[in-house]
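Welcome! Let us take a short walk through this structure, with a few stops along the way.

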Amino acid sequence: MALPVGLEQLIGAERVALLREMALMARDLTPVVPHARAGDDVVVLIHGFFASAGVFRPLRSRLERETGARVATFTHAPGAGIRRIARQLEQLVERVPEGARITVVGHSLGGVVARFFVQEMRGHERVTRTVSMASPFRGVNVPQLLVGVDLHEQSELLRRLRERAHESDVPHTSIVAANDTVVPGAETASLGVGDVVVLPKRGHNALLFDEEAAEIVIDRVLLGRRQSREKSKRL
């Protein structure tokens with residue numbers, strides 16, 4: 001649902017993003033697993049806390065239109081921990097044919113899930129690239145309840161991810177919102193390896209609908225495709 005530019009100027013991009021999230025929350029509550037074949041690009045999108053896969057509808061549309069990728073999504077329950085959500089991701093990936101290039105993109109909590117799957121659950125065997133959007137890799141000041149156990153500043157899970165990130169050969173891009181008040185600062189929202197892109201004047205939820213953030217994700221999918229083809233030519 002596109003909202004008038006004037007409304008964004010009146011109440012701010014972050015508030016508009018929240019309204020768009022609310023309008024999309026009821027969508028895509030069941031897993032979306034597209035038909036794919038070996039050699040196809042498959043992008044798996046993982047939403048953040050207290051959202052649904054529906055919030056990715058605009059990004060999903062651009063990915064399908066501009067890259068030809070097949071896009072998969074699933075909705076996880078509010079309060080579910082990293083490990084539980086990663087198991088859902090694992091089950092979805094198992095439904096993607098061998099030989100497909102899988103890029104996993106996560107917003108906020110979703111970006112942490114992507115790296116947990118890659119680094120701790122043998123996800124590196126299937127995933128070729130990960131992208132995080134405003135993901136709290138260094139933790140945030142939240143109560144140590146439910147998912148907060150995994151995301152607070154003293155989280156052992158996050159510490160392990162950061163320390164072992166360099167051991168993984170799956171490339172990563174951290175997209176950071178400069179005006180993020182939920183996951184503040186580039187250091188907090190960066191994995192510590194790979195490239196980091198800081199987008200000025202953006203907030204936490206605005207990244208979901210931001211044109212430049214979408215272009216970065218699209219670029220990484222296309223980059224993975226080019227690299228795969230170049231590798232095949234050398235073999």
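Which side chain meets that of Arg-160 in a salt bridge? The partner is Glu-120, with N and O 2.9 Å apart. This pair links distant parts of the chain, as Arg-160 sits in helix H7 (residues 156-164) and Glu-120 in helix H5 (residues 109-120), 40 residues apart. Arg-160 is partly exposed, with a relative accessible area of 37%, and Glu-120 is also partly exposed, at 25%. Please keep in mind that what you see is a predicted model.

**Salt bridges**

A search of the whole structure finds 22 salt bridges. Here are some of them, including the one you have just met.

| Pair | N to O distance |
|---|---|
| Asp-41 and Arg-225 | 2.6 Å |
| Arg-160 and Glu-120 | 2.9 Å |
| Arg-60 and Glu-64 | 3.5 Å |

The side chains of Asp-41 and Arg-225 meet at 2.6 Å. Asp-41 belongs to strand S1 (residues 41-46) and Arg-225 to helix H8 (residues 211-234), so their salt bridge ties together parts that are 184 residues apart in sequence. Are these two residues buried or exposed? Asp-41 counts as buried, with a relative accessibility of 5%, and Arg-225 is buried as well, at 16%.

The salt bridge between Arg-60 and Glu-64 has its closest N and O atoms 3.5 Å apart. Both residues lie in helix H3 (residues 57-67), and because they are 4 residues apart there, about one helical turn separates them. Arg-60 counts as buried at 18% relative accessibility, whereas Glu-64 counts as partly exposed at 37%. Salt bridges that share partners also join Arg-60 and Glu-64 with Asp-28 and Arg-57 in one network.

**A buried arginine**

Now turn to Arg-129, which is found in strand S4 (residues 127-133). Arg-129 is buried, yet it has no salt bridge. What is the nearest side chain of opposite charge, and how far away is it? That side chain is Asp-195, 5.7 Å away. A salt bridge needs the nitrogen and the carboxyl oxygen to be within 4 Å, so Asp-195 does not form one with Arg-129.

Arg-129 does have a polar contact: its side chain is joined to that of Gln-227 at 2.9 Å. Leaving aside neighbours within four places in sequence, the residues in contact with Arg-129 include Ile-102, Thr-103, Val-170, Pro-171, Arg-220, Leu-223 and Gly-224.

**The cavity**

Arg-129 also appears in the lining of the largest cavity. The structure holds 1 cavity of 30 Å³ or more, and the largest cavity has a volume of about 40 Å³. Which residues line it? Among them are Asp-41 and Arg-225, together with Arg-101, Thr-103, Thr-128, Arg-129 and Arg-220. Strand S3 (101-107), strand S4 and helix H8 each supply at least two residues of this lining. The largest share, 4 residues, comes from H8.

**The pocket**

Our last stop is the largest pocket, with a volume of about 470 Å³. Of the 24 residues that line this pocket, Phe-49, Phe-50, Ser-108, Val-182 and His-204 are the closest to its centre. Helix H2 (13-24) and helix H6 (148-151) each contribute at least two residues to the lining. Which element gives the largest share? That is H2, which supplies 3 residues.

Technical notes: Residues numbered from 1 in each chain as written. Predicted model: local features only at pLDDT ≥ 70, side-chain atom pairs only at ≥ 80, totals over all residues. Heavy atoms only, no water. Buried < 20%, exposed > 50% of the residue type's maximum accessible area, 1.4 Å probe, protein only. Lys, Arg positive; Asp, Glu negative; His and termini not counted. Polar contact = N/O pair within 3.5 Å; in protein donor to acceptor, adjacent residues only side chain to side chain. Contact = heavy atoms within 4.5 Å. 1 Å grid on protein atoms, 1.4 Å probe; cavity = no way out; pocket = protein on both sides within 12 Å on 5 of 7 lines; lining within 4 Å. Points joined across faces, edges and corners; volume = space filled by probe spheres on them.
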